[in-house]
Amino acid sequence: MIKVKEILDTSFILKNTKFKTVEEFLNVLNVKEDEIEILKEKTTAEINLKIKEHTSFETILDFLDAAKIAYMERKILYNLEK
């Protein structure tokens, strides 16, 4: 399983939210680091409202999808540079 801090790295957080760290972002969502994948199952209007307010996305699912794409791009670039 991929760790949250790998998917939601600092560069993604800085680019796509009003926060400087993953921890700040997760605190606003009131989510523990190990619960981020569970958000897909327990998405609420409150979480989506916070996402819309503090990020450039409409929903947590949109946010996580973009984070995963950015993660894969980083991994591909890293492997190409080797």
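Here are three short exercises on a predicted model of a protein chain.

**Exercise 1. The fold in outline**

Find how many helices and strands the protein chain has, and give their pattern along the sequence.

Solution.
1. Count the elements: there are five helices and zero strands.
2. Read them along the sequence: the pattern is α-α-α-α-α.
3. Look at contacts with a separation of 6 or more: residues 24 or more positions apart account for 49% of them.

**Exercise 2. One helix and its cover**

Work out which residues of helix α3 are buried, and why they lie on the same side.

Solution.
1. Locate α3: it runs over residues 22–29.
2. Apply the cut-off: buried means under 20% relative accessible area.
3. List the buried residues of α3: they are Val-22, Phe-25, Leu-26 and Leu-29.
4. Look around the axis: these residues share the same side of α3 because they cover an arc of only 95 degrees.
5. Find the cover: it includes α1 (4–7), α2 (10–16), α4 (45–54) and α5 (60–81).
6. Step past the end of the helix: just after α3, Asn-30 takes a positive phi of about 60 degrees.

**Exercise 3. Surface and confidence**

State what share of the protein chain is buried, what area is exposed, and which elements have the lowest and highest mean pLDDT.

Solution.
1. Start with burial: 35% of the 82 residues are buried.
2. Turn to the surface: the chain exposes about 5,600 Å². Carbon and sulfur atoms supply 56% of that area.
3. Check confidence overall: the average pLDDT is 85, and 88% of the residues score at least 70.
4. Compare the elements: α1 has the lowest mean pLDDT, 78, and α2 the highest, 93.

Technical notes. Residues are numbered from 1 along each chain as its sequence is written. This is a predicted model: local features need pLDDT of at least 70, side-chain atom pairs count only at pLDDT 80 or more; totals for chains, interfaces and linings use all residues. Side-chain values use heavy atoms; hydrogens and water are left out. Buried means under 20% relative accessible area, exposed over 50%, partly exposed in between (1.4 Å probe, protein chains only). Helices (H or I, at least four residues) and strands (E, at least two) are DSSP runs, numbered from the N terminus. The arc is that of the directions from the helix axis to the C-beta atoms. Contact means heavy atoms within 4.5 Å. pLDDT is the predictor's confidence in each residue, from 0 to 100. Accessible areas come from the Shrake-Rupley method with a 1.4 Å probe; for residues, only the protein chains shown count as cover.
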